[in-house]
Amino acid sequence: MEKPVFKRKIYNEILNWKNNQSDKYALLIKGARRVGKSTIAEEFAKREFKSYILIDFAHTSKDIIDLFDDTYNLDFFFLQLQQLTGIRLYEKESVIIFDEIQLLPKARQAIKYLVADGRYKYIETGSLLSIKKNTKDILIPSEEHKVSMYPMDFEEFLWAINDDVTAETIKILLKNKKAAGNAMHRNLMRKFRLYMLAGGMPQAIETYLETNNLQQVDQVKREIIDLYEEDFTKIDAKGLAGNIYDAIPASLSGNASRYVLANVKKGSRSDKVLSLLPDMLSSYTVNIAYPANNPGIAMALEKNTERYKLFTSDVGLFVTLAFKDKSYTENIIYNKLLSDKLEANLGYVYESVVAQMLTAKGNNLYYYTMKSDTSNHLYEIDFLLPAGNKVCPMEVKSGDYRVHKSLDAFCAKFSNRIEKKYVIHTKDYKWENGINYIPVYMVPFI
């Protein structure tokens with residue numbers, strides 16, 4: 001049975017590249033392993049070109065690999081490529097896909113000359129692209145238009161489960177600042193919690209559709225996590241990068257204002273962890289939030305890079321990591337999570353999914369902490385979104401949404417910088433005293 005090809009928003013970005021930039025640039029799709037890069041690239045090639053050749057550098061012949069030793073004579077290069085693949089290329093109407101391009105750096109270097117030749121279009125896909133050994137001794141081509149691909153967002157998840165109604169309903173409710181009402185809200189929250197548990201990795205969603213069994217979905221997610229942790233050894237053979245990833249739920253659940261090294265490995269040094277972060281971020285397996293020293297329109301200029309919070313790039317993987325103390329996560333746990341009856345503080349899960357949704361919309365993540373004037377209590381705004389020359393503070397609540405002292409304190413201190421105020425919570429929509437109380441399922445549509 002042929003695997004389903006899920007509808008993805010990145011398709012329109014790729015189409016824009018083909019129509020407007022493909023004469024001068026190859027397209028480079030960056031993203032984590034198993035996020036769907038290869039699938040969307042091939043699906044696009046099937047629909048939008050007369051023919052295509054896909055070269056998977058993780059699984060191709062030595063004869064094809066050897067072609068990239070000499071790309072000086074491109075007439076001969078294309079002749080051999082067509083002969084070896086049995087696929088005819090048509091000028092201006094064919095695309096060549098270089099899948100897992102990081103595995104053959106000299107192929108990536110050849111992009112400069114292939115694009116300049118102009119006969120065909122080129123799509124590259126890759127993960128862990130910035131690791132030194134992937135770029136050592138090659139000239140990185142400037143003829144690349146780069147796009148980022150993330151796990152499936154909530155709307156894409158709804159499309160995958162053949163629900164074309166819910167997203168439009170939520171958009172209308174948000175636009176008109178209307179509450180859903182008890183029955184509809186319960187239904188919307190249940191669908192969103194299902195998304196949180198399954199996550200946005202296509203293989204996990206495919207398993208859910210095939211089995212309707214979240215325990216089997218959990219097994220797929222564990223396999224993806226194992227794959228990531230194997231990849232982390234390419235970043236750091238001693239295993240510290242994998243430990244950093246594993247410790248993300250513990251660090252967030254402690255309500256700390258930064259990533260806590262004590263959760264990683266005894267004796268871990270902050271400078272060593274900081275040195276690994278760029279490659280971990282380039283793997284797209286984690287999202288990072290920095291504290292904003294000066295909330296405003298230029299938070300990137302004054303962020304504190306030595307303090308940060310880490311989130312997994314996919315909330316479904318986060319849930320599995322959080323319950324990784326067992327060899328598998330039982331269906332009873334998933335059922336309790338789905339019905340919101342698990343006796344655990346799930347605030348960090350909601351914070352993680354909000355981080356994922358904001359990142360997918362192209363936002364860099366910032367948060368803000370400050371001490372109380374009257375005590376040692378620490379106030380924290382979970383996320384800050386820029387809005388023109390102002391900011392929109394967001395406080396994420398999984399429990400009592402009516403108490404939001406951090407938001408109140410922040411708005412009192414920076415009253416002239418506030419555009420909109422948000423409390424992200426699990427209850428229905430409400431607007432009160434200048435605050436938008438947004439159910440978490442509305443966040444992707446803000």
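What radius of gyration would a compact globule with 446 residues have, and what does the protein have?

**Figure 1. The whole fold of a predicted model.** A compact globule with 446 residues would have a radius of gyration near 22 Å. The protein has 23 Å, which agrees. Its C-alpha atoms fill a box of roughly 75 × 50 × 50 Å along the principal axes. The secondary structure comes to 18 helices and 14 strands.

**Figure 2. Inside and outside of the protein.** Buried residues make up 53% of the 446 residues. Take the contacts with a separation of 6 or more: residues 24 or more positions apart account for 71% of them. On the outside, the protein exposes about 21100 Å². Carbon and sulfur atoms supply 46% of that area.

**Figure 3. Charged side chains of the protein.** Count 61 positive side chains and 56 negative ones. The centres of the two sets lie 5 Å apart.

**Figure 4. An aromatic pair in helix α9.** The structure holds 21 aromatic pairs. One of them joins F192 and Y195. Their ring centres lie 5.9 Å apart. The planes meet at 55°, so the pair counts as tilted, a class that runs from 30 to 60 degrees. Both residues lie in helix α9, which spans residues 182-198. They sit 3 residues apart, about one turn of the helix. Are these two side chains buried or exposed? F192 is buried, because its relative accessible area is 0%, and buried means under 20%. Y195 is buried too, also with 0%.

**Figure 5. An aromatic cluster.** F57, F68, F77, F78 and F98 belong to one cluster. Y120 and Y122 belong to that cluster as well.

Note on methods
Residues numbered from 1 in each chain as written. Predicted model: local features only at pLDDT ≥ 70, side-chain atom pairs only at ≥ 80, totals over all residues. Heavy atoms only, no water. Helix = DSSP H or I, 4+ residues; strand = E, 2+ residues; numbered from the N terminus. Rg over C-alpha atoms; globule rule 2.2 N^0.38 Å. Buried < 20%, exposed > 50% of the residue type's maximum accessible area, 1.4 Å probe, protein only. Contact = heavy atoms within 4.5 Å. Areas by Shrake-Rupley, 256 points an atom, 1.4 Å probe, with all protein chains shown as cover. Lys, Arg positive; Asp, Glu negative; His and termini not counted. Charge placed at Lys NZ, Arg CZ, Asp CG, Glu CD. Phe/Tyr/Trp six-rings, centres within 6.5 Å; stacked < 30°, edge-to-face > 60°.
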